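Let's take a friendly walk through a protein fold, one piece at a time. Have the structure open and turn it around as you read.

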Amino acid sequence: MGALKFSSLSEQVYAYLRTEMINGNLTPGSTINIGEIASELGISKTPLRDALIHLELEGFVTIIPRRGVLVNELKISDVKNAYEAVGLIEAFIVEKGIEHITSSHIQELQKLNEIMIKDIQNNDFSRIFETNLEFHSVYVDSSDNELLQKFILPIKHRLYDFPRHNFIPEWEMRNCEEHRQFIEQLKKGNGKEAGSILRDKHWSYEYQKDFIYAFYKKNIEMAP
């Protein structure tokens, strides 16, 4: 990557580092050489440090004074905590704000779920993560609570901070079936039941545990 030339430089550096994590160039347990990256991108260390502080706040790295920056490893306990947090927040948004979810939102959810199903059937997982994020963002963004919106996205990204090559078609298809059940409850205006599907099934660590272990076993520490 060449020198960065953007007005919001720290945000661009943050995006670059996240891409490096996703692509497997910055792996959990490795260290980030601030001088090398600053030189490679043609920038000063200040926007790089700002980006690293952002990443540390979200749990991706640990800044160790006078020693460097460590890319954090993901533990199974981190996954469990993330699932519980996302489930609670998304269920709360739907249960408390069901009146904000319109027929247009529901149509968009159906369209995105159909895209996911077709991609899974075609064994194409190149955009499954992004499409799934877009699906959940449809109703999360309907909330008027911006703090919850900003809080939830980094948690989801934290679950996928390594190369995404270990997709499980059976799990992805079951997720789409849970999406379908969720949409049906939205059509009925049943926020409580729709929230329950999210909290007690879709984002339930215990309900999804077998697939979670299969998905993460090569990428994270399995000890709690």
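We will begin with a sheet, move on to a helix, and end with the cores. Keep in mind that this is a predicted model.

Start with the strands. There are 3 of them, forming an open sheet in the order 1-3-2 with antiparallel pairing. Strand 1 (31-32) and strand 2 (61-64) are found at the edges; each has a single partner strand, so one side of each has no neighbour in the sheet. Between strand 1 and strand 3 (residues 68-71) you can find 2 bridges, and I32 stands opposite V69 in strand 3. Now look for helix 3 (residues 45-57): it lies across strand 1, strand 2 and strand 3, and runs at about 120° to strand 2.

Next comes helix 4, which covers residues 76-96. Its 21 residues reach 30 Å from first C-alpha to last, close to the 30 Å expected at 1.5 Å a residue. Among its buried residues are I76, V79, Y83, V86 and V94. What do the buried residues of helix 4 pack against? Their partners are helix 6 (128-140), helix 7 (146-158), helix 8 (169-187), helix 9 (191-202) and helix 10 (205-216).

This brings us to the cores. The largest nonpolar core has 45 residues, and V94, Y139, F182 and L186 touch the most other members. Helix 4 gives the largest share of this core, 8 residues. Leaving aside neighbours within four places in sequence, the contacts of V94 include Y139, F182, L186 and L198. Apart from this core lies another, of 20 residues, including I43, L48, L52 and L55.

Key:
Residues numbered from 1 in each chain as written. Predicted model: local features only at pLDDT ≥ 70, side-chain atom pairs only at ≥ 80, totals over all residues. Heavy atoms only, no water. Helix = DSSP H or I, 4+ residues; strand = E, 2+ residues; numbered from the N terminus. Expected span 1.5 Å × (residues − 1). Buried < 20%, exposed > 50% of the residue type's maximum accessible area, 1.4 Å probe, protein only. Contact = heavy atoms within 4.5 Å. Pairing = 2+ DSSP bridges. Axes fitted to C-alpha atoms, helices over the stretch in contact; angles between N-to-C directions. Core = buried A, V, L, I, M, F, W, Y, C linked by side-chain atoms within 4.5 Å.
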